[in-house]
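User: I'd like to go through this one label by label. For each term, tell me what earns it.

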Protein chains: 2
Amino acid sequence: MAAPLRIALAGLGTVGGGVIRLIETNAALITRRAGRPIEIVAVSARDRSKDRGVDLSHYAWEDDMTAMAARDDVDAVVELVGGADGPALTLARNAIQHGKSLVTANKAMIAHHGLELAELTEKAKVALKFEAAVAGGVPVIKGLREGAAANNIDRLYGILNGTCNFILSSMEDTGRDFADVLSEAQAKGYAEADPSFDVEGTDAAHKLAILSAIAFGTRIDFASVDTQGITRIQAADIAQADALGYVIRLIGVAEVDEEGGQRRLFQRVHPHLVPFDHPLAHVDGATNAVVAEGNFAGRLLFQGAGAGDGPTASAVVADLIDIARGDLGGEAGAPFSIQVAEMETMAPAPSGHRLGRAYIRFMVADRPGVLAEITAAMRDAGVSIESLIQKGRHEEGGNVMVAMVTHEGPEARVSEALRLLEGSPALAEPPLVMQLLGD
Amino acid sequence: MAAPLRIALAGLGTVGGGVIRLIETNAALITRRAGRPIEIVAVSARDRSKDRGVDLSHYAWEDDMTAMAARDDVDAVVELVGGADGPALTLARNAIQHGKSLVTANKAMIAHHGLELAELTEKAKVALKFEAAVAGGVPVIKGLREGAAANNIDRLYGILNGTCNFILSSMEDTGRDFADVLSEAQAKGYAEADPSFDVEGTDAAHKLAILSAIAFGTRIDFASVDTQGITRIQAADIAQADALGYVIRLIGVAEVDEEGGQRRLFQRVHPHLVPFDHPLAHVDGATNAVVAEGNFAGRLLFQGAGAGDGPTASAVVADLIDIARGDLGGEAGAPFSIQVAEMETMAPAPSGHRLGRAYIRFMVADRPGVLAEITAAMRDAGVSIESLIQKGRHEEGGNVMVAMVTHEGPEARVSEALRLLEGSPALAEPPLVMQLLGD
């Protein structure tokens, strides 16, 4: 039996507890598969006295995470502290600089500082692994970085936030409105007390930015992800989408735009209408699913639980097993599949020339002439309307909903039509635009 | 730039041509990701003169595959010859014994001789990789062996044969019968001239046996896979399943049966009724999909094109990139996740005590009393019928179809009921039984 892989664990929240439980529960199995035991040596968290439901007495306690990262009896550090900067980042840098491999579930830190950390690991010849940062227990980082490695990825898209997907599919099942379902999700622990990180799309954007870097070999560019959340979606939108043959899902999409001979990176996290016959239309509850379209493999789908202590711990320990096996992600390092120095810097791609179909929903005053005004703006901007429905009065205020789906055309035309309507007294609120997910 | 990974390629059929095209088309990308080029040094096939649509003039031609496997200028051998034994197996043994890593798409060879080859590679400290042997371009071997490595797998199941899935989903879409759709599949190249390997379930059984070994750490036991193909399924069965809320799919299922304190291996490839709301119910065409249920990760789904030159080549080259990166699957070898010496030998699990619901279809003479005879047999065997339908005369012969779905109960009771009916002159042909896929 080879010597154990000795780990230190920082952060003992839900996921940290899950990692300890997993390593204890599946110890024999892990040893057989890794070829040696994975042994927790030291742990660290903010509050030593808190009851976490796991017995920590076998492990050395370190108040100082930085000191823990430097311990001679530690081979790899697991960072589950969270936060893009602060103690998590300090710990990550320290661990790598002390020659420890680093495993993290921290999508914010990787989205913001992943390349810096990757460069440090390339120098230190240790591993940086973050399978748990995207899609919980679903091995999609590995699937893209290794499983699909032979392919030029044409497009990457998916459902990257379990909270949003739980809310949208519950709205669909129950006909209830966003706020109502959000409260339920909070009560069930599927949504945080402050849900904005999830429902505004930021969490999905972090994950998309990480996946883009691996799929396309571009430097991570989280700041340029065009992000729109799900807070404005109403039960009526979901009913209308259903009548048209679609469900609504928060979808992250990324691709390389080669328009005009220049390679630019398109990244968008928006709610989309997904046709019933698309695999992503059947992804319900707190599930994540990622599709990668390769030039040889075709369309690959990875799906599973996107969050929770068990699935996230599964991904963390899978990374540790890789490290224990000696599979550090290539002798050359390269946590993002290629060396940081070789990654392309791509400008963000504009979206105006993109061809697509859109769902546009207006809340308008219930008086004659409004529909004529809207359709005139569409005509003037060159938007061709495929179907349009005006719903009867559905709220006290006397506003009615007008929902339309456009024929395929450049996105700029829809923007132009909405610009023409800006400031119109007929509109009770800004229109809501959602793209239809194309094949 | 590190030295290239030099490969020899045996077998230049559809997949071999695909591998050459992929390595040529995506050469720059592969070099960046692998950290070094992957270079084809030598090729071999039965017939040198055949036009394969790829230019072979850059590569050394070897008439003798065994000699090719021994070349000093080759680091890894790709076996795409096919066949469980014969030249493929000889080549595989020779390559490994000469210290070359082996990559193969050959599911029959791995299902029959995978453990022997794995033991050879453990000694030779080279890699044995066969991602392309299961589910085409879908990285499910990697997903199970590495991505889900931290989990005790509770159950594994999926759609493992693209030909059968194409036929069944086409029957569903068109209402046509098996033979008719099979001819179309053959014309389109989705089915072989001799389709029995696919439609009798053998191909799916090979894949299931390989996945079982990785998921459960058991020695491969292809011979014990309880296999039943799709040839007896009629358009009327599909219509009946649809009316009940199901589609019919050929599903391979494997799990460890711990009944009675002994660990036994249950492996079955049968057509199943899959409820509309199950992810596998939406897997259409020549697609494969594998579900693994882990004790921490929950339900993981891997889906994509199950065959074809592009997807299969994608998997072969992904394996080569792993090897080029130095990720040989663990310092300890272990192509099946754990060392061969540590794999369990499990007896096949009996199915009689398994609880499940079944669809049973009878073709019976259209005369009074037949239904009473069938239902009496069910009653005597203790089978509880949930729903039953008798379809009007649908063919010249004057037989009618009786289809029923049972309540949950032990499978042995259904077998007993059918035994009671054996030899009854009322039955025009043996009944067809299909299990309902449970949650």
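User: What makes β12 of chain A and β12(B) a pair, and in which sense do they run?

Analyst: Two strands pair if DSSP finds at least two bridges between them. Strand β12 (residues 298-305) of chain A and β12(B) have 3 bridges, in the antiparallel sense, so they count as a pair. Facing B:Leu301 in β12(B) is A:Gln303. As for the names, helices (H or I, at least four residues) and strands (E, at least two) are DSSP runs, numbered from the N terminus.

User: How far should I trust the numbering and the model itself?

Analyst: Residues count from 1 along each chain as its sequence is written, while chains are lettered from A and ligands numbered from 1 in the order in which they are written. The model is predicted, so local features need pLDDT of at least 70 and side-chain atom pairs count only at pLDDT 80 or more, whereas totals for chains, interfaces and linings use all residues. Chain A averages a pLDDT of 94, with 97% of the residues at 70 or above; pLDDT is the predictor's confidence in each residue, from 0 to 100. The model has ipTM 0.96 and pTM 0.96.

User: How many residues of chain B are in contact with chain A, and what makes a contact?

Analyst: Contact means that the C-beta atoms of two residues, placed from the backbone, lie within 7 Å. By that test, 51 residues of chain B touch 51 residues of chain A. On the chain B side, α2 (27-34), α6 (140-147), β12 (298-305) and α12 (309-325) each supply at least two residues. The biggest contributor is α12(B), with 9 residues. That side of chain B has 23 nonpolar, 18 polar and 10 charged residues. Here Ala, Val, Leu, Ile, Met, Phe, Trp, Tyr, Cys and Pro count as nonpolar, Asp, Glu, Lys and Arg as charged, and the others, Gly among them, as polar.

User: Why is the relation between the chains called a two-fold axis?

Analyst: Two copies of a chain are related by a rotation about an axis and a shift along it. Here a rotation of 180° with 0.0 Å of shift superposes chain B on chain A, at RMSD 0.0 Å. That is what a two-fold axis does. The fit is by least squares on the C-alpha atoms of residues with pLDDT of at least 70 in both copies. Both copies use the same surface, since 100% of the contact residues of chain B recur in chain A.

User: Why are α2(A) and α12(A) called oblique?

Analyst: Angles run from 0 to 180 degrees between N-to-C directions, with axes fitted to C-alpha atoms, for helices over the stretch in contact. Under 35 degrees is roughly parallel, over 145 roughly antiparallel, 65 to 115 roughly perpendicular, and the rest oblique. Helix α2 (residues 27-34) and helix α12 (residues 309-325) of chain A pack at about 40°, with axes 9 Å apart, and are therefore oblique. A:Ile30, A:Arg33 and A:Ala34 meet A:Val317, A:Ile321, A:Ala324 and A:Arg325 there. This contact has 5 nonpolar, no polar and 2 charged residues.

User: What makes β3 and β6 of chain B edge strands?

Analyst: The open sheet of chain B has 6 strands in the order β3-β2-β1-β4-β5-β6, with parallel pairing. β3 (60-61) and β6 (128-129) each have a single partner strand, so one side of each lacks a neighbour in the sheet. Strand β5 (residues 101-104) of chain B pairs with β6(B) over 2 bridges, where B:Leu102 partners B:Leu128.
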